[in-house]
Each structure stands twice: as structure tokens, then as C-alpha cells.
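Here are my comments on the model you sent. Please read them with the coordinates open.

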Amino acid sequence: MRPQLSDSANLARVAAAVVSGGVENGSVALSIDDIERLLASGAARAVDDPRSGAAMPFTHLDHALQTASVLRAQFPEDPELAVAGLVHDIGHLLVGVGDAEHAEAGAAAVRVALGERVAGLVGLHVAAKRYLVARQVTYGVTLAADSVASLELQGGPMSPDEQDAYEQLPHARDALSLRRADEGGKVDGLVVGGLSDWMALVRRISVTLD
Ligand SMILES: [Fe+2]
Ligand SMILES: [Fe+2]
């Protein structure tokens, strides 16, 4: 049975479990309600430049909603991809999870609630940036300041061998779409609807897994 987590103390417990590998072991996972609360908490937190600590001109919730909206507009036939965009940085909202591991931590935390594909896309979004920077000269210049700063911490552009390995991974191509939308989801002041507008879709995707 899926663990139920109902308050901030329990969310902190989830964070600790993520860091210790508990989520990967299947012992704890975010419920849909936990995911909604975590994303909502992002309204009060600006995205930070990981190197300078400077606040970017958008919050974590702004970024989640904008990324999801870009994907919904570009791929209306693929609501799972948009939901992956909505939750792709949820690892940043887990206590004790650093930039270098936020993709894997986020993937582990949403896998039970949202399924293997959404989790896979979340887990690959940093690798997809490293791939795109290595393969497309023009992609690097589109990166926002926080992405440029985190790139170095995340391993920099992929080597040719790493690129070959990336291309063999499940969901690799869709993760590139998510990653491009990620950079498009960092617009100061752009309002694209609220979290509640997305939660029915999130719940629908979750139900289809049962
Ligand atoms: Fe990220
Ligand atoms: Fe992001």
C-alpha cells in the first residue's frame, strides 16, 4: 500500500528517505497530495543561481507551471510529458537534496505516484541538458544563468561516450523535449494558470497506473 504523508514533518521525512536511498528502495514515496503540497510550497521560494546564490526572477512554482505549459502547447497529445515538466524540479523542494542529485531524487520521489515514464523523464532532465550542450552549440547560449551555473556542478557537457550511452536510455528523446521546455519555463512575470488547473490531470495520470 502506498505510504500516506500528510504534513510538513512527513515531507521532511520523505526528504531524509530520498537522501538515504529509502525512496529508491520503495519504502517511501510521495502521494499525489504530497506532490501538490510540495509544488505549492514552491510559490514562496525563488529559484536560486546555485553558484552565486542570487535569486532568479521567478519562483519554483512559476518555473514548474511554465515548463508544463510549454510542453502542453507543443505536445498536446502527450499529457504525461507535460506532467513530467510540472514535477521535473520537485527534487529541489525536498529538504537536504542538492542540485547535483535533484533529478534522481525527484524521480525516485514521484515514481510510485506518477509511474515509470514520468519518473524516467524527471530523472533524465539534467543529463539531457549535458547532452544538448555537447551536441548543439546554439543550445548553450539559450541557458538561463542558473542553468549555466549548475551545468558545471552537474558534470559539464557530455563526452562522446556519454552521449552514445544517453541515446540508448529509455525516454531519452522525450527528455530532450522536456529539457528545452525547461529553459522556456523561466520567464519573469509570465502567468500561465494555477497549480489547481493541473492537478486533475496529475490525478488522472496517477489513476491510470492503478
Ligand atoms: Fe532541474
Ligand atoms: Fe527546471
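The points below take the metal sites, then the hairpin, then the pocket.

1. Status of the model. This is a predicted model, and the values below are computed from it.

2. Iron ion (ligand 2). Four residues coordinate the iron ion (ligand 2): His-63 and His-88 through NE2, and Asp-89 and Asp-182 through OD, at 2.1 to 2.3 Å. Along the chain these donor residues follow the spacing H-x24-H-D-x92-D. His-88 sits in the loop between α4 (79–87) and α5 (102–135), while Asp-182 belongs to helix α9 (residues 172–184); the pair links distant parts of the chain, 94 residues apart.

3. Geometry at ligand 2. The arrangement around the iron ion (ligand 2) is irregular because its 4 donor atoms subtend angles of 79 to 173 degrees. A tetrahedral label would require all angles to lie between 85 and 135 degrees. Water is not among the atoms, so a site may look incomplete.

4. Burial of two ligand 2 donors. His-88 has a relative accessible area of 0% and is buried. Asp-182, at 2% relative accessibility, also counts as buried.

5. Iron ion (ligand 1). Which residues are the protein donors of the iron ion (ligand 1)? They are Asp-89 (OD), His-102 (NE2) and His-125 (NE2), lying 2.0 to 2.2 Å from the ion. Their spacing in sequence is D-x12-H-x22-H. Asp-89 lies in the loop between α4 and α5 and His-102 in helix α5, so this pair ties together parts that are 13 residues apart in sequence. Both Asp-89 and His-102 are buried.

6. The bridge. Asp-89 appears in both donor sets: Asp-89 bridges the iron ion (ligand 1) and the iron ion (ligand 2). The two ions lie 3.8 Å apart.

7. Hairpin. Strands β1 (residues 46–48) and β2 (residues 55–59) run antiparallel and are joined by 2 bridges. Ala-46 has Thr-59 in β2 as its bridge partner. The two strands form a hairpin with 6 residues between them, and Gly-53 in the turn has a positive phi of about 80 degrees.

8. Largest pocket. The volume of the largest pocket is about 250 Å³. It is lined by 20 residues, of which Val-47, Asp-48, His-92, Asp-99 and Asp-146 are the closest to its centre. At least two lining residues come from each of β1, α3 (60–74), α5, α7 (145–153) and α9. Helix α5 gives the largest share, 4 residues.

9. Character of the lining. By class, the lining of the largest pocket holds 9 charged, 8 polar and 3 nonpolar residues.

Note on methods
Residues numbered from 1 in each chain as written. Chains lettered and ligands numbered in written order. Predicted model: local features only at pLDDT ≥ 70, side-chain atom pairs only at ≥ 80, totals over all residues. Heavy atoms only, no water. Donors = N, O, S within 2.8 Å, 3.2 Å for Na, K, Ca; no water. Tetrahedral: all angles 85-135°; square planar, octahedral: opposite > 155°, others 65-115°. Buried < 20%, exposed > 50% of the residue type's maximum accessible area, 1.4 Å probe, protein only. Pairing = 2+ DSSP bridges. 1 Å grid on protein atoms, 1.4 Å probe; cavity = no way out; pocket = protein on both sides within 12 Å on 5 of 7 lines; lining within 4 Å. Points joined across faces, edges and corners; volume = space filled by probe spheres on them. Nonpolar A, V, L, I, M, F, W, Y, C, P; charged D, E, K, R; others polar.
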